[in-house]
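Trainee: Hi, could you walk me through this one? I'd like to start with what sits in the middle.

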Amino acid sequence: FCYLSSLAIYSSARERTLPFLTTTSVFLMTGLSLHVALSLFDCFKVSGNMFTTGRRNNLSLAQRISYTYRHACTSASMTIAITIIMFAGCLITPFEGVRKFAILLIIQLCLLFFMMWTYFMSLVVMYHWHFSDADR
């Protein structure tokens, strides 16, 4: 979703031409999106067990979501921010293709940041309520 949305935003804002390195951004965004989504999912699953006793804890769903946002989203936000800064540094290069690629990836990373705080957590909750076979 991030990839297709960013292509639409980029091509409508520019001369409707996409950079040469567009296909490379598919792999970069797939890797970053999977990293963020799986980090959220893993942190949510960890919030269901107590580390000291190995038993299930009695946290409510809202408390588990809060735990996930505090731990996983903070670190994923820092990763995305550092990557945006890195690609913003590519904007000063004299190569037009690299500049266009950096703009496209900055748009994609901003969309990924938005989706991390809104959409990905709802997928984790949907998994928790509908697909998880744990007792609730």
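Mentor: Happy to. A quick definition before we look: a nonpolar core is a set of buried Ala, Val, Leu, Ile, Met, Phe, Trp, Tyr and Cys residues joined through side-chain atoms within 4.5 Å. Keep in mind too that this is a predicted model.

Trainee: Okay, so which residues of the largest nonpolar core touch the most other members?

Mentor: That core has 25 residues, and the ones touching the most other members are V36, L40, F87, L109, L112, M116 and F120. Helix 2 (22–46), helix 3 and helix 4 each supply at least two residues of this core.

Trainee: And which helix gives the most to this core?

Mentor: Helix 4 does, with 12 residues.

Trainee: Let me step back a bit. How many helices and strands does the protein chain have?

Mentor: There are 4 helices and 0 strands, so to speak an α-α-α-α run from the N terminus on.

Trainee: What share of the residues counts as buried?

Mentor: Of the 136 residues in the protein chain, 36% count as buried. As for contacts with a separation of 6 or more, 68% of them come from residues 24 or more positions apart.

Trainee: Back to the helices. How do helix 3 and helix 4 cross?

Mentor: The axes of helix 3 (residues 61–89) and helix 4 (residues 96–131) come within 10 Å and cross at roughly 170°. Angles over 145 degrees count as roughly antiparallel, so helix 3 is roughly antiparallel to helix 4. The residues of their contact divide into 22 nonpolar, 4 polar and 1 charged.

Trainee: I'm curious about S77. Is it buried or exposed?

Mentor: S77, in helix 3, counts as buried because its relative accessibility is 13%, and the cut-off for buried is under 20%.

Trainee: What does the side chain of S77 make a polar contact with?

Mentor: With the side chain of W117, at 3.3 Å. Leaving out residues up to four places away in sequence, S77 touches F113, M116 and W117. You met M116 earlier, among the core residues that touch the most other members.

Trainee: And T83, what does that touch?

Mentor: T83 is also a helix 3 residue, and at 13% relative accessibility it counts as buried. Not counting residues up to four places away in sequence, T83 touches L32 and L109.

Trainee: Nice. What about L40, which residues is it in contact with?

Mentor: Setting aside neighbours within four places in sequence, L40 is in contact with T68, A72, C73, M116, F120, M121 and V124.

Trainee: Now a charged one. Is R64 buried or exposed?

Mentor: R64 counts as buried, with a relative accessibility of 9%, and R64 is found in helix 3. Apart from neighbours within four places in sequence, R64 is in contact with F44, K45, S47, G48, L59 and H128. R64 and S47 are 17 residues apart in sequence, and their C-alpha atoms are 5.8 Å apart in space.

Trainee: Last one, Y127. Where is it found, and what does it touch?

Mentor: Y127 is found in helix 4. Y127 touches F41, K45 and S132, not counting residues up to four places away in sequence. The C-alpha atoms of Y127 and F41 are separated by 9.2 Å, and the two residues are 86 apart along the chain.

Trainee: How accessible is Y127?

Mentor: Y127 is partly exposed, with a relative accessible area of 29%.

How values were computed. Residues numbered from 1 in each chain as written. Predicted model: local features only at pLDDT ≥ 70, side-chain atom pairs only at ≥ 80, totals over all residues. Heavy atoms only, no water. Axes fitted to C-alpha atoms, helices over the stretch in contact; angles between N-to-C directions. Parallel < 35°, antiparallel > 145°, perpendicular 65-115°, else oblique. Nonpolar A, V, L, I, M, F, W, Y, C, P; charged D, E, K, R; others polar. Buried < 20%, exposed > 50% of the residue type's maximum accessible area, 1.4 Å probe, protein only. Polar contact = N/O pair within 3.5 Å; in protein donor to acceptor, adjacent residues only side chain to side chain. Contact = heavy atoms within 4.5 Å.
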